[in-house]
Amino acid sequence: MSTSIRNEAALEAPPSGPRKIRQVLERKDLWFRALTRSGGVVVLAVMALVGLFLAGNGISAINSVGLGNFLVTQEWAPENNNFGIAAVITGSVLIAAVALTVSLPLALGTALFITEVAGGRVRSILTSVIDLMAAVPSVVFGLWGLSYLQVQIVPFARWLSTWFGWIPLFAVDGVEPDNPLPNDSLYTSSTFIAGLVVALMILPIQTSVMMESFSRAPIGEREGAYALGATRWGMIRSVVIPFGKGGIIGGTMLGLGRALGETIAIYLIINTASYAINFHILQTGANSVAALIALKYGEANEFTMSALMAAGLALFVLTMLVNFTASAIIARSRSGAESEA
């Protein structure tokens with residue numbers, strides 16, 4: 001009798017595992033899901049088609065010199081079958097590095113000031129200024145950098161070279177410290193000047209992404225930090241910045257992708273007279289893949305065009321690696337995952 005009672009109780013007991021919840025989507029939800037998936041597929045398809053187009057048109061040039069030589073050769077002379085991307089890809093990375101070094105602290109400070117310090121009308125004005133900067137064409141930045149910034153920044157570049165020239169990065173070949181009439185042409189058309197211009201171009205994008213991330217920090221955690229005696233900076237350091245870590249990384253990588261592919265502004269500033277790796281950022285003689293394509297496209301024959309396509313493919317692959325790395329980092333550092341009260 002007791003055995004049958006226990007069996008009946010076991011049959012009537014609810015299952016020990018979690019109960020499965022069945023989600024029933026309405027027709028609007030199904031249409032929205034299909035639309036968003038279609039948009040994602042279209043974006044991926046366009047990216048794949050761009051990569052295939054560059055690979056299909058650049059493979060003949062790569063085969064003519066070999067992949068290894070194409071990656072390590074600094075010279076660019078397709079007419080002599082002697083060309084590679086070592087110098088131009090290094091120049092692109094150096095310009096992007098200078099731009100990020102300048103723009104990241106500016107964007108972070110500006111975003112924190114607008115979201116956490118400024119209020120009312122000041123916040124509205126600064127937000128409008130950031131949006132307006134994002135709408136300025138790159139050619140305007142390039143002309144401004146060529147005609148104004150370059151002249152104004154040469155004395156600062158000379159000062160850096162004079163006092164920090166013992167660091168290889170800031171050294172400038174051919175400088176005569178005792179010369180009362182310094183040669184300013186040694187400091188123009190440099191990686192440093194191009195990086196400053198690009199930094200101002202990517203600053204609005206980075207600032208906008210960080211502002212959006214910081215503004216979503218939970219009010220409860222903000223108030224909790226104040227209730228525990230935290231100062232405004234303590235609250236920002238313990239709540240806002242950890243919560244917005246994904247926005248900081250995303251904005252930085254988005255700006256890096258823009259910096260790597262910038263063309264016309266860099267083309268107007270740098271001097272591509274010689275194709276050689278130049279780690280001296282203050283010295284004239286910068287290089288860039290995008291500027292190379294813009295410079296050589298108009299006079300290119302069929303083989304030279306294939307070489308330019310190969311250079312574009314290398315830049316495309318580099319940009320994709322940066323974006324995928326950023327996505328992986330953001331996925332591991334979700335906003336708010338490490339915020340503290």
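Student: In this structure, how do the residues of the lining of the largest cavity divide into nonpolar, polar and charged?

Tutor: This is a predicted model, and a search of the whole structure finds one cavity of 30 Å³ or more. Its lining is made by A87, T90, G91, L94, T191, A276, I277, N278, G285, A286 and N287. Glycine is counted among the polar residues, so that G91 and G285 of this lining fall in that class. The division is therefore five nonpolar, six polar and no charged.

Student: Which helix gives the most to the lining of the largest cavity?

Tutor: The largest cavity has a volume of about 50 Å³, and its lining includes A87, T90, G91 and L94. A helix spanning residues 86-117 supplies four residues to that lining, the most of any element. The helix asked for is α4.

Student: Which residues lie closest to the centre of the largest pocket?

Tutor: The largest pocket holds about 180 Å³ of space, and twelve residues line this pocket. By class, its lining has six nonpolar, four polar and two charged residues. The residues closest to the centre are V175, E176, P182, N183 and Y187.

Student: How many charged residues are in the lining of the second largest pocket?

Tutor: The second largest pocket, with about 150 Å³ of space, is lined by W76, P78, E79, K296, E299, A300, N301, F303 and T304. Glu and Lys count as charged, so E79, K296 and E299 of this lining belong to that class. Beside four nonpolar and two polar residues, the number of charged residues is three.

Student: How far apart are the closest N and O atoms of the salt bridge that E299 forms with K296?

Tutor: E299 and K296 are both among the residues that line the second largest pocket. Relative accessibility for E299 is 60%, which means that E299 counts as exposed. Side chains of opposite charge can pair when their charged atoms come close. A salt bridge requires a nitrogen to oxygen distance within 4 Å, and for E299 and K296 the closest N and O atoms are apart by 3.9 Å.

Student: How many residues apart along the chain are R158 and D184?

Tutor: Among the five salt bridges found in the whole structure is one in which the side chains of R158 and D184 meet at 2.6 Å, N to O. R158 belongs to helix α6, whereas D184 belongs to the loop between α6 and α7, and the pair links distant parts of the chain. R158 counts as partly exposed because its relative accessibility is 22%, and D184, at 36%, also counts as partly exposed. Their separation along the chain is 26 residues.

Student: Is E262 buried or exposed?

Tutor: The side chain of E262 meets that of R258 in a salt bridge of 3.4 Å, N to O. R258 has 29% relative accessibility and therefore counts as partly exposed. Being buried requires a value under 20%; because E262 has a relative accessibility of 6%, E262 counts as buried.

Student: Which element gives the most to the nonpolar patch?

Tutor: V139, V140, L143, I264, Y267 and L295 make a nonpolar surface patch of about 430 Å². The elements that give two or more residues to this patch are α6 (138-164) and α11 (264-269). V140 is found in α6, and at 42% relative accessibility V140 counts as partly exposed. With three residues, the element that gives the most is α6.

Student: What separation do the C-alpha atoms of E212 and G247 have?

Tutor: E212 has its place in helix α7, which covers residues 191-214. At 41% relative accessibility, E212 counts as partly exposed. Although E212 and G247 are 35 residues apart along the chain, the separation of their C-alpha atoms is 7.7 Å.

Student: What is the phi of N81, which is positive although N81 is not a glycine?

Tutor: Most residues other than glycine have a negative phi. N81 lies in the loop between β1 (76-77) and β2 (82-83), and at 38% relative accessibility N81 counts as partly exposed. The positive phi of N81 is about 55 degrees.

Student: In which loop does S189 lie?

Tutor: S189, a residue other than glycine, has a positive phi near 50 degrees. Because its relative accessibility is 13%, S189 counts as buried. The loop that holds S189 is the one between α6 and α7.

Note on methods. Residues are numbered from 1 along each chain as its sequence is written. This is a predicted model: local features need pLDDT of at least 70, side-chain atom pairs count only at pLDDT 80 or more; totals for chains, interfaces and linings use all residues. Side-chain values use heavy atoms; hydrogens and water are left out. On a 1 Å grid over the protein atoms alone, a cavity is a set of points where a 1.4 Å probe fits but cannot get out, and a pocket is an open set with protein on both sides within 12 Å along at least five of seven lines; lining residues have an atom within 4 Å of a point. Grid points are joined across faces, edges and corners, and a volume is the space filled by probe spheres set on the points. Patches are made of residues with over 30% relative accessible area and no salt bridge: like charges are joined within 9 Å, nonpolar side chains (Val, Leu, Ile, Met, Phe, Trp, Tyr) within 5 Å. Accessible areas come from the Shrake-Rupley method with a 1.4 Å probe; for residues, only the protein chains shown count as cover. Buried means under 20% relative accessible area, exposed over 50%, partly exposed in between (1.4 Å probe, protein chains only).
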